[in-house]
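Please read this walk through the chain with the structure open beside you. The route starts at the sheet and then turns to the helices.

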Amino acid sequence: MQRALVVGPGSMVGSRLSEHLRARGWQVIGAGRSGDCEVPLELGCDSLCTEFPAVEADVLFHCAAAFGDDSPQGAWLNDRVNVLGAHQVVALARAAGCRQVVYAGSVSSARREGAAFASSYGASKARAEGVLAWALAQSGQTFVSLRFAQLYDERGDCIRHQRWFGRIVSYARSGRVLRLPPGDAPRNFVHVCDAVTAMTLASEAGAEGVLHVCHPHSESYLSLARHAYEVFGQGGEVQIAQEKTAFWPAYFPPASPELATLGLTFTPLLDGLRAIRDGGYAARFEVFDVT
């Protein structure tokens with residue numbers, strides 16, 4: 001039986017990954033701040049911890065992150081947790097004897113040549129990749145980062161980070177009039193089940209480096225809203241509010257070709273929306289506004 005050490009088992013990705021691994025016969029050990037984690041771990045601590053409970057694992061899956069904004073305080077939080085926390089993850093991986101670290105990265109770390117990072121979050125996640133790749137190479141452990149596009153789920157856990165996705169679904173399921181900012185800038189939505197499948201397949205295949213995990217079909221928020229209103233069928237409509245600031249463009253690179261080699265397939269967006277409608281968790285998508 002393979003043993004997985006999951007950092008951030010209470011996160012959307014970490015919890016679904018833990019479920020997925022157990023279903024495939026893995027033993028899962030949680031590491032994080034929650035009292036029910038077998039390994040206490042604080043990525044934002046003031047000093048490096050090198051003493052851990054005696055655990056052994058084959059693979060460490062790093063699913064924890066800070067999601068600070070672009071204010072000085074948000075950027076500081078992102079660097080403290082995501083970048084400096086990467087050193088803490090390396091120390092844990094070494095102590096547990098892991099042969100590999102699999103990182104839940106972000107497509108916001110990708111950028112066109114010569115362009116700046118779109119956010120402090122994306123910049124911090126990219127720097128964390130550098131720390132992990134360098135440090136793990138020193139100890140002979142392999143590293144792969146899967147840079148995910150915008151992750152969503154059918155249970156409503158995505159609302160915290162995908163605010164517009166959550167708002168669109170909330171208005172569609174309740175049949176309200178949604179006033180949407182103008183703009184058809186593409187967005188890219190990947191179901192969390194596809195993300196955790198990708199992490200598992202990448203581990204089992206011994207993948208290394210950076211892989212971009214983007215859905216083959218991008219959507220604008222307007223097309224997402226039209227799909228959602230169609231799926232829920234509760235009335236209401238989408239109106240374009242020209243007075244609002246248009247959606248800003250985002251960069252989504254093509255999915256890495258290695259994903260096809262791994263056998264990863266993507267959930268169609270319509271199927272993902274139907275899962276929200278039919279899965280018993282739609283009420284978690286409560287009506288709210290996004291500033």
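The model shown here is predicted. A good place to begin is its open sheet, which is built from 7 strands paired in the parallel sense. Read across, the order is β3-β2-β1-β4-β5-β6-β10. The edges are held by β3 (39-40) and β10 (209-213). Each of these two has a single partner strand, so one side of each is left without a neighbour in the sheet.

Further in lies strand β4, which spans residues 59-62. Strand β1, residues 3-7, runs parallel to β4 and is joined to it by 4 bridges. Within this pairing, Val-7 stands opposite His-62 of β4. Strand β5, residues 100-106, also pairs with β4 in the parallel sense, again over 4 bridges. Here Leu-60 stands opposite Val-101 in β5, and His-62 faces Tyr-103 of β5 across the pairing. His-62 thus appears in both pairings, opposite Val-7 and opposite Tyr-103.

The next point is how these strands are covered. In a regular strand the side chains alternate between the two faces of the sheet. For β4, Val-59 and Phe-61 lie on one side, Leu-60 and His-62 lie on the other, and all of them are buried. Both faces of β4 are therefore covered, given that a residue counts as buried when its relative accessible area is under 20%. In β5, 7 of its 7 residues are buried. One side of β5 carries Gln-100, Val-102, Ala-104 and Ser-106, while Val-101, Tyr-103 and Gly-105 are on the other.

Towards the β10 edge, strand β6 (residues 142-148) runs parallel to β10 and is joined to it by 5 bridges. One pair to look for is Arg-147 with its bridge partner His-212 in β10. Helix α3, residues 120-138, lies across β4, β5, β6 and β10. Its direction is at about 165° to that of β5.

Two helix pairs come next. Helix α1 (residues 12-23) packs with helix α5 (residues 192-205) at an angle of about 60°, and their axes are 9 Å apart. That angle makes α1 oblique to α5. Their crossing is right-handed. On the α1 side the contact involves Met-12, Val-13, Arg-16, Leu-17, His-20 and Leu-21. These meet Val-192, Cys-193, Val-196, Thr-197, Met-199 and Thr-200 of α5. Sorted by class, the contact of α1 with α5 has 8 nonpolar, 3 polar and 1 charged residues.

The other pair is helix α6 (residues 221-232) with α8, where the angle is about 45° and the axes are 10 Å apart. This makes α6 oblique to α8, and their crossing is right-handed. From α6, the residues in contact are Leu-224, His-227, Ala-228, Val-231 and Phe-232. They meet Leu-269, Leu-270, Leu-273, Arg-274, Ile-276 and Arg-277 in α8. The contact of α6 with α8 divides into 8 nonpolar, 1 polar and 2 charged residues.

The last stop is the segment after α8 (269-278), where Gly-280 is found. Is Gly-280 buried or exposed? Gly-280 is exposed, because its relative accessible area is 70% and the cut-off for exposed is over 50%. Glu-154 is 126 residues away from Gly-280 along the chain, but their C-alpha atoms are separated by 8.7 Å.

Notes
Residues numbered from 1 in each chain as written. Predicted model: local features only at pLDDT ≥ 70, side-chain atom pairs only at ≥ 80, totals over all residues. Heavy atoms only, no water. Axes fitted to C-alpha atoms, helices over the stretch in contact; angles between N-to-C directions. Parallel < 35°, antiparallel > 145°, perpendicular 65-115°, else oblique. Left-handed = near helix turned anticlockwise from the far one by under 90°. Contact = heavy atoms within 4.5 Å. Nonpolar A, V, L, I, M, F, W, Y, C, P; charged D, E, K, R; others polar. Buried < 20%, exposed > 50% of the residue type's maximum accessible area, 1.4 Å probe, protein only. Pairing = 2+ DSSP bridges.
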